[in-house]
Amino acid sequence: MDLKTLTYIIVGLSFALYIGIAIWAKASSTGEFYVAGKGVHPVLNGMATGADWMSAASFISMAGLIAFLGYGGSVYLMGWTGGYVLLALLLAPYLRKFGKFTVPEFIGDRYYSQTARLVAVICLIFISFTYVAGQMRGVGIVFSRFLEVDIITGLIIGMGVVFIYAVLGGMKGITYTQVAQYCVLIFAYTVPAVFIAIEVTGVALPQIALGSKVLGSDMYLLDKLNQVVVDLGFTAYTKGTKSTIDMFAITVALMVGTAGLPHVIVRFFTVPKVRDARISAGWALFFIALLYTTAPAVGALARLNLIHTVNGPDGQGTPYEQMPSWFSTWENSGLLAWYDHNHDGKIQYAAGKALQGKPKFDGDKRGPYGERVVLDPSKGEIAKGAPFANELYVDRDIMVLANPEIAGLPNWVIALIAAGGIAAALSTAAGLLLVISAGVSHDIVKGMIAPDISEKSELMIGRVSAAVAILIAGYLGANPPAFVAQVVAFAFGLAASSLFPIILMGIFNKRMNKEGAIAGMLTGLIFTMGYILYFKGIFIKPMAANVPENWLFGISPEGIGFVGMILNFVVAYVVSKVTAPPPEHIQHMVEDIRIPKGAGEAVAH
Amino acid sequence: MSTQAKQAYWKENLRLLAGCLTVWFVVSYVFGILLVEQLNQIRIAGFGLGFWFAQQGSIYVFLILIFFYAWRMNKLDRKYDVHED
């Protein structure tokens with residue numbers, strides 16, 4: 001059976017499974033729609049949280065980032081897992097005890113202020129849409145490459161599936177679908193990783209293979225990789241290129257941002273008890289760690305395989321005609337490109353830029369060897385320490401998807417990767433869409449505009465806003481704004497500098513009042529947003545070059561949420577000291593959420 | 001439950017938190033970032049120790065930390081009789 005048919009069958013089966021679950025778990029009340037009736041078993045909730053969290057970025061992009069950044073990629077590994085420690089220890093149990101439906105609702109009640117709630121909803125909607133756009137792009141890539149349909153058709157299919165289970169099933173439908181999606185995605189991620197690990201090192205566990213010797217040689221994998229990349233003019237794989245302060249700041253921003261992301265926090269509102277919220281974060285991290293500890297091996301092996309395949313056994317390059325078939329299929333999708341700088345008909349890969357930026361193709365025109373003609377080659381200079389000029393453009397996002405093909409694995413493994421990538425993107429998209437819809441129907445409509453609406457109409461508004469959000473997400477996926485990749489820094493920076501600090505202080509500082517919280521939230525928000533806009537220029541032109549010399553304390557826009565968070569804490573503390581303490585009943589409320597006893601009752605009032 | 005008992009419960013919780021967060025900080029920020037070069041001098045199989053903490057070890061420790069905290073808090077909840085049901 002050929003790859004395309006096989007992929008259709010596997011992806012189709014996975015879709016049928018998701019829809020079947022959605023029909024079985026239809027939501028019938030707002031409680032079920034927003035928080036799955038607070039009856040989800042902690043292990044299942046952990047699995048669902050894992051799928052919710054592991055997006056197209058984790059599944060498709062992360063190992064690729066690690067492959068090219070080496071040690072520098074560690075910020076993603078530590079940042080996106082360490083946040084769960086903060087969640088489990090500092091936020092989840094208390095927010096579960098508080099027992100409401102949304103994050104802005106907690107902020108509005110704790111700070112007895114509709115303004116605070118509104119600022120929180122705006123942050124939440126912005127963060128979530130940023131994220132959804134990325135997921136939809138992931139769905140588009142997978143569809144266009146593996147099912148060879150155009151991106152729009154792929155998006156409509158993806159939107160249709162999410163529509164069915166998110167709009168009908170609400171949180172309940174999403175949770176049980178995410179459990180299934182987790183199983184699909186983790187299977188799809190680990191099977192090829194194990195195959196490739198055995199191929200290269202003879203050790204089946206990727207976590208061990210990363211520290212093992214390469215088969216048929218006396219060298220450890222990482223040493224071999226260091227040697228190979230240094231010979232091509234790159235920095236050693238285990239050294240990385242980021243400065244220590246920037247590594248530190250990015251890791252903090254990602255960790256704290258993770259803990260402050262509303263679609264992750266809300267998962268812990270779905271479990272029955274406070275103690276379930278604590279343990280459930282542990283299960284979530286367990287299921288996430290299965291993928292995250294595999295990713296470094298995938299990255300290292302993919303980099304090594306890529307170099308060997310492209311530069312060939314003699315290390316002098318491979319003629320275009322002799323490249324395996326995956327090369328031209330990825331070239332057709334525009335994520336891979338070759339420009340023959342030295343006119344020898346061979347593809348060479350080394351440090352340096354092959355093109356000026358992303359490839360600009362001359363339509364479908366072919367060059368002398370059958371390659372796609374590229375219009376924007378670089379000058380073809382040989383980078384310092386490299387043996388020849390780099391001629392290959394590789395989009396980092398293809399590393400995981402192309403890895404099984406590069407390693408020559410059987411077709412069913414490749415089809416599985418496609419289903420896994422779609423599962424990762426759809427599960428995250430659904431979780432985000434639900435947070436957006438709850439923000440609109442529960443926080444804005446029910447909480448601010450029309451407090452008297454019935455549960456039935458609120459549920460209806462929730463469904464309608466989920467449907468509208470899906471359409472917007474689909475549009476963003478079809479016409480990805482140029483800044484999609486850059487706004488990821490935004491999402492984490494905003495969550496780290498605005499939401500996390502005031503939620504944390506709302507629990508741990510009884511004296512924190514509305515003035516302090518609003519001042520802190522706005523300071524963190526404006527500073528972080530301003531810094532990112534200054535260097536990245538989203539909507540406007542960047543005002544300064546995004547290079548280390550210009551950065552504040554040498555911290556890149558990706559890590560600036562760290563500084564924003566500190567500013568938020570300091571400003572909030574100082575302002576709260578010089579203004580009146582919060583009312584008596586708020587202080588009692590804080591005392592109450594610190595004690596697990598009586599968690600069920602908080603829902604009713 | 002008396003205010004005193006509540007305060008004692010909260011104090012014990014904060015102490016436990018401080019301990020767990022110290023470990024959290026040390027394995028990731030200290031071992032994985034600040035002292036990575038020094039620790040890379042220590043080799044375990046194919047890994048430099050600092051690199052291992054940054055890409056593998058810190059995640060394992062995070063996992064243990066969360067389960068440890070959940071276990072200790074359950075004990076603490078019972079000790080102060082603030083557990084659910």
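Let's start in chain A of this predicted model, with helix α7 (residues 114-147) and helix α20 (residues 514-536), whose axes come within 10 Å and cross at roughly 25°. Since an angle under 35 degrees counts as roughly parallel, α7(A) and α20(A) are roughly parallel to each other. The crossing of α7(A) with α20(A) is left-handed. If you want to find the place where they touch, look on α7(A) for Thr115(A), Ala116(A), Val119(A) and Cys123(A), and on α20(A) for Lys514(A), Ala517(A), Ile518(A), Met521(A) and Leu525(A). Sorted by character, the residues of this contact are seven nonpolar, one polar and one charged.

Just before α7(A) there is a residue worth a pause. Tyr112(A) sits in the loop between α6 (103-110) and α7 of chain A. Its phi is positive, about 35°, although Tyr112(A) is not a glycine. Why is that worth pointing out? Most residues other than glycine have a negative phi. Is Tyr112(A) buried, exposed or partly exposed? It has 16 C-beta neighbours inside 10 Å, so Tyr112(A) counts as partly exposed.

Now move along chain A to a second pair of helices. The axes of α14 (residues 295-311) and α16 (residues 398-406) of chain A come within 10 Å and cross at roughly 55°. That angle makes α14(A) oblique to α16(A). Here too the crossing is described as left-handed, for α14(A) and α16(A). From α14(A), the contact is made by Val298(A), Ala302(A), Asn305(A), Leu306(A) and Thr309(A), while α16(A) brings in Met399(A), Val400(A), Asn403(A) and Ile406(A). Six of the residues in this contact of α14(A) with α16(A) are nonpolar, three are polar and none is charged.

Helix α16(A) has another partner to visit. Its axis and that of helix α17 (residues 411-449) of chain A come within 9 Å and cross at roughly 170°. How are these two helices arranged, roughly parallel or roughly antiparallel? With an angle over 145 degrees counting as roughly antiparallel, α16(A) is roughly antiparallel to α17(A). In this contact, Leu401(A), Pro404(A) and Glu405(A) of α16(A) meet Val413(A), Ile414(A), Ile417(A) and Gly421(A) of α17(A). The residues where α16(A) and α17(A) touch comprise five nonpolar, one polar and one charged.

Next, zoom in on a single glycine. Gly260(A) belongs to helix α11 (residues 244-260) of chain A. Is Gly260(A) buried or exposed? Because it has 31 C-beta neighbours inside 10 Å, Gly260(A) counts as buried. Which residues does Gly260(A) contact, leaving aside its neighbours within four places in sequence? They are Ala495(A), Ala496(A), Leu499(A) and Phe500(A). Gly260(A) also shows how folding brings sequence positions together: Gly83(A) is 177 residues away in sequence, yet the two are 8.6 Å apart in space, C-alpha to C-alpha.Time to bring in the second chain. In the model, 34 residues of chain B are in contact with 42 residues of chain A. On the side of chain B that touches chain A, the elements giving two or more residues are α1 (3-34), β2 (47-48) and α3 (49-79) of chain B. Which of them gives the most? That is α3(B), with 16 residues. Taken together, the residues on this side of chain B divide into 22 nonpolar, nine polar and three charged.

Past α3 of chain B, in the segment that comes after it, you will find Asp81(B). Like the tyrosine in the loop of chain A, Asp81(B) is a residue other than glycine with a positive phi, in this case near 55°. Asp81(B) has 10 other C-beta atoms within 10 Å, which means that Asp81(B) is exposed.

Finally, how much confidence does the predictor attach to what you see? The model scores ipTM 0.95 and pTM 0.89. Chain B has a mean pLDDT of 90, with 99% of its residues reaching 70 or more. For chain A the average pLDDT is 84, and 95% of the residues score at least 70. Among the elements of chain A, helix α2 (residues 30-35) has the lowest mean pLDDT (70), whereas helix α21 (residues 561-578) has the highest (93). Over residues 601-605 of chain A the pLDDT is below 50, and this stretch has four contacts in the model beyond near neighbours in sequence. Where pLDDT is low, the predicted coordinates should not be read in detail.

Key. Residues numbered from 1 in each chain as written. Chains lettered and ligands numbered in written order. Predicted model: local features only at pLDDT ≥ 70, side-chain atom pairs only at ≥ 80, totals over all residues. Contact = placed C-beta atoms within 7 Å. Helix = DSSP H or I, 4+ residues; strand = E, 2+ residues; numbered from the N terminus. Nonpolar A, V, L, I, M, F, W, Y, C, P; charged D, E, K, R; others polar. Axes fitted to C-alpha atoms, helices over the stretch in contact; angles between N-to-C directions. Parallel < 35°, antiparallel > 145°, perpendicular 65-115°, else oblique. Left-handed = near helix turned anticlockwise from the far one by under 90°. pLDDT = per-residue confidence, 0-100. Buried ≥ 20, exposed ≤ 12 C-beta atoms within 10 Å, placed from the backbone.
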